[in-house]
Amino acid sequence: MVEEEKFLDYIAKAVSVKNPVTYKKLAKSLKRVGPSHGQLANEFFAKYVQYLATRQLTLDYGVGCFLQMVADMLIERQKFLETGSYANSSYEAVDKAIYSNPEIMDYHMHGLVLAQFLWPDQFERYCFFRDFFDSGVPVQNYLEIGGGHGLYVMAARQMLGVDTRMVVVDISQSSLDLAQGILADSSIEFIHSDLFKFDTPTKFDFITMGEVLEHVEDPHRMLEHLKSLLAPGGRIFLTTPANAPMIDHIYLFRDEDEIRALLHDTGFVIEREHLCYAEEVTPELARHFKLPLMYAAFLHVRNG
Ligand SMILES: C[S@@+](CC[C@H](N)C(=O)[O-])C[C@H]1O[C@@H](n2cnc3c(N)ncnc32)[C@H](O)[C@@H]1O
């Protein structure tokens, strides 16, 4: 049995045994994270470990999934560097290969749970969300699209309190099962739907959409739909990567300016943004080597 404050150490040790090369990179990059890292990681991993136990699994399962996801990424990166594009360009292909394949979706999503705290760019965007989420404006209806592992809706619930209605919409049943299982919070509504097919008369004061825009063929259309779900004066927290090949990524943003231009063209105002490269190099080098960039921003609708 791993003690609650030791989950992160346990994961690091397990990675070092199973894959020393990945561990070397991890140990270096974990030096970049801030002081709250250990506490936030262990808080979420405690919930995750409880959920794993309900499936007769242990943290070693999560470590195996993480390493499988890292192996997939290396292959996708190789293809990306050879072709200059992501391997998938159609939603249909990804749906067939990934979303409708519970086995792949399961290990991929479990891998992402660990990545939230093992990859500095993921952790930085989480800190950015926590630091600037609370604008002092009350949120009655909160929506998360593509909630995945549930980390963000958990944090939002903690910050907003119990009076806010919270809804998570995800196209993958595996993602919903994972988030529901980890959070074990029956006050959050989980809806199985493609965002494009999701509509409701209740509009939302705040919408979080992390790492979903790159999963669609037409991000412009997705942002227009997102806008239609927002209440007047509502705000959005959005993240999406550039140059980040993954088995389920479709739309390739080549740099932050392409993302900003899209946000501007769809009528959004960027209130505040945060950029983080996956590797600790200068932005010039990162651009030259097409290294993954994490883009995160708080937005509202122009004249909205
Ligand atoms: C990479 S995960 C992101 C998880 C989490 N939001 C985060 O920021 O780390 C992408 C999630 O978006 C979901 N997704 C992809 N396309 C979607 C769509 N069209 N409508 C709703 N959910 C979608 C996937 O099933 C998956 O759970």
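**Leucine 229 and its surroundings**

In this predicted model, leucine 229 has 21 C-beta neighbours inside 10 Å and therefore counts as buried.

**Exercise 1.** Work out where leucine 229 is placed along the chain, and which residues distant in sequence it is in contact with.

*Solution.* Begin with the secondary structure: leucine 229 belongs to the loop that runs between helix 10 (219-228) and strand 5 (230-242). Next, set aside the neighbours within four places in sequence, and the contacts that are left for leucine 229 are Leu143, Lys203, Phe204 and Ile207. Then turn to one of these partners, leucine 143, which, with its own neighbours within four places set aside, is in contact with Val167, Val169, Phe204, Ile207 and Leu229. Finally, consider leucine 52, which is 177 residues apart from leucine 229 along the chain, with 34 Å separating the two C-alpha atoms.

**Exercise 2.** Find which residues of the largest nonpolar core touch the most other members, and where this core lies relative to domain 1 and domain 2.

*Solution.* Among the 89 residues of this core, those touching the most other members are Tyr48, Leu143, Val153, Ala179, Ile207, Leu226 and Ile236. Helix 3 (residues 37-54) contributes the most, namely 8 residues. Because domain 1 (4-118) and domain 2 (120-301) both give residues to the core, it lies between them.

**Exercise 3.** Describe the residues around the ligand by class, and name those that come nearest.

*Solution.* Sorting the shell by class gives 8 nonpolar, 8 polar and 3 charged residues. Of the 19 residues around the ligand, the nearest are Gly146, Gly148, Ser172, Ser175 and Gly210.

Conventions. Residues numbered from 1 in each chain as written. Predicted model: local features only at pLDDT ≥ 70, side-chain atom pairs only at ≥ 80, totals over all residues. Helix = DSSP H or I, 4+ residues; strand = E, 2+ residues; numbered from the N terminus. Buried ≥ 20, exposed ≤ 12 C-beta atoms within 10 Å, placed from the backbone. Contact = placed C-beta atoms within 7 Å. Near = placed C-beta within 6 Å. Nonpolar A, V, L, I, M, F, W, Y, C, P; charged D, E, K, R; others polar. Core = buried A, V, L, I, M, F, W, Y, C linked by C-beta atoms within 7 Å. Domains from an automatic or database assignment.
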